[in-house]
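Biologist: I should like to learn how to read the features of a protein model. May we go through one example together?

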Amino acid sequence: MIYGHDPRTGQTVGDALPETDTAGVDLVVSAAAAAGQAWRATPAAERAQALEAVADALAAHVDELWQLADQETALGEVRLRGEVARTAGQFRLFAEVIRDGGYLEAIIDHADASLTPPRPDVRRMKHALPGVVAVFAASNFPFAFSVAGGDTASALAAGCAVVVKAHPGHPNTSERVAKIVREALPYPDLLGLVQGMGAGADLVQHPLVVAAGFTGSVAGGKAIQQLIDERETPIPFYGELGSVNPVVVLPSAPVDKVAAGFAGSLTLGVGQFCTNPGLMFVPEGDELRKALVEAVEGTSGGPMLAERIRDGYLGGVQRLGELQLLAEGKAGEGSWAVTPKVFTADLATFAEKLPEIGEECFGPASIVVTYREVGELRAVLERLDGSLTATVHGTDPDEAGEVVEVLERKAGRLIWNGWPTGVAVCWAMHHGGPWPSATTASTSVGATAIERWLAPTAYQDWPEGLLPDELKDGNPLGIPRRVDGRLQLGG
């Protein structure tokens, strides 16, 4: 059986839930695949309405949902209400995406006999992957990266059915969210849910599963990839894994603002963000160092989401303990509580201890590395693994010239005078990066996340009556298309 736990007490909460066995996984996936056939054929306008219905349903149940999730996560009312709103917003964004139609990348090249060799009529667009998408829910976002998270919203928008492997950190929340979403969908079996580690393995190896999305640790991502490699038919795997999110503080950066922002970002949600600033490079000098110590000492820890996550944090802190402790916050309260800790080293010492010292420590821990000249940073930055984000603080953009070129190759999102925690749900967002932050170049947040669940088809000399509406000459749906090399906005 699977039990939810209150991180503040360690005690079980909610109902005991059975693990889904192999036969159960097959039933859920098969039902999703059958519902997916009808969903895939549903016009985009109707799919958009269904996504908005899901958003409305989630928003309508926010009072119930935040309280249920707080029992299993201890994340609090403000955070969880905001996360439900963000989750509903993701569904509304993808309703806009599929109404717009540009995501289909419709292209028409009319026949041209004057070319050598003559060109036939060729038309191309993207379609939903024909099958079920497996989604592995994350621990740290019980709504926005879980059952109704971005992977689910983007896959449903693409036209795919989804089966989610619930995270054991919030099993009852997962069950309730799944029920709310199903009731809002025209085909309830479009969203399936399975519980238990064994169910996750059965799910990703099921022959009707055509792609998988995952948010979690590097070890977890590698385990899923190994299961996929054992399949008779390979499938794409879109994983968001470990990230240290380096921050470079330039000499011109305002000391007090940097210190306060760092401490707030580091300890937000007890540091349980994939965009947590786990590494910061700062100029030598006492002023910023003192400001950082004061800011971090003013923070407090709290309970982490699960005992296993707490133990992982303590192990990471022990690894970082070979460095000098710069500052620590106040001890948190609760059975699974931890204390924020910031370590420090000079640039040479840090470089000597790479790559091990540069690995992610999930939680409110970070390393502050001091440097003498900005030009010294380039060689060390080159040795860092990929990250979801990289941040630069300063008032003089010219100071950043020697580091920006490296950071552009090391991270998927670059931030100027801000902090990486907090990922906007919008058309332009990219939430991914070089390995190990992600397994591919795709994003898990933002409008272009839909691309993961699509595949192109080209139609050569295809009869007009058999063409999808998106590729007919009259453009009956009014979507953006590229026709004979020229972009036409439609409408």
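The dialogue below treats a pair of helices, two sheets and a pocket in turn.

Modeller: Please keep in mind that this is a predicted model.

Biologist: How does one describe two helices that pack together?

Modeller: Two packed helices are described by the angle between their axes and the distance between those axes. Here, helix α2 (residues 44–60) and helix α4 (residues 77–100) have axes that come within 8 Å and cross at roughly 170°. Angles over 145 degrees count as roughly antiparallel, and α2 and α4 are therefore roughly antiparallel to each other.

Biologist: Which residues make the contact between α2 and α4?

Modeller: On α2 they include Leu51, Val54 and Leu58, and on α4 they include Phe91, Phe94 and Ile98. By class, the contact has twelve nonpolar, two polar and five charged residues.

Biologist: How should I read a sheet, and in what order do the five strands of the open sheet lie?

Modeller: One reads the order of the strands, then the pairing, then the edges. The order is β19-β4-β3-β20-β21, with mixed pairing. The edge strands, β19 (454–460) and β21 (486–488), each pair on one side only. Neighbouring strands of this sheet are turned by 25° against each other on average, direction ignored. Strand β4 (residues 122–128) pairs with β19 in the antiparallel sense over seven bridges; methionine 125, for instance, has threonine 457 in β19 as its bridge partner.

Biologist: Which strands stand at the edges of the sheet of seven strands?

Modeller: That open sheet has the order β13-β15-β16-β11-β10-β17-β18, and its pairing is mixed. At its edges stand β13 (324–328) and β18 (411–416); each has a single partner strand, so one side of each is left without a neighbour in the sheet. The twist averages 20° from one strand to the next. Strand β15 (residues 341–346) runs antiparallel to β13, joined by four bridges, and glutamate 328 has lysine 341 in β15 as its bridge partner.

Biologist: Which helices pack on this sheet?

Modeller: Helix α9 (residues 255–267) does, and its direction makes about 150° with that of β16. Helix α10 (residues 286–297) also packs on the sheet, with its direction at about 55° to that of β13.

Biologist: Finally, how does one read a pocket, and what is the volume of the second largest pocket?

Modeller: One considers its volume and then its lining. The second largest pocket has a volume of about 470 Å³. Its lining comprises 25 residues, and Thr42, Pro43, Ala44, Arg47 and Glu470 lie nearest its centre. The largest share of the lining, four residues, comes from β4. By class, the lining has 14 nonpolar, five polar and six charged residues.

Technical notes
Residues are numbered from 1 along each chain as its sequence is written. This is a predicted model: local features need pLDDT of at least 70, side-chain atom pairs count only at pLDDT 80 or more; totals for chains, interfaces and linings use all residues. Side-chain values use heavy atoms; hydrogens and water are left out. Two strands pair if DSSP finds at least two bridges between them. Helices (H or I, at least four residues) and strands (E, at least two) are DSSP runs, numbered from the N terminus. Axes are lines fitted to C-alpha atoms, for helices over the stretch in contact, and angles run from 0 to 180 degrees between N-to-C directions. Angles under 35 degrees count as roughly parallel, over 145 as roughly antiparallel, 65 to 115 as roughly perpendicular and the rest as oblique. Contact means heavy atoms within 4.5 Å. Ala, Val, Leu, Ile, Met, Phe, Trp, Tyr, Cys and Pro count as nonpolar, Asp, Glu, Lys and Arg as charged, and the others, Gly among them, as polar. On a 1 Å grid over the protein atoms alone, a cavity is a set of points where a 1.4 Å probe fits but cannot get out, and a pocket is an open set with protein on both sides within 12 Å along at least five of seven lines; lining residues have an atom within 4 Å of a point. Grid points are joined across faces, edges and corners, and a volume is the space filled by probe spheres set on the points.
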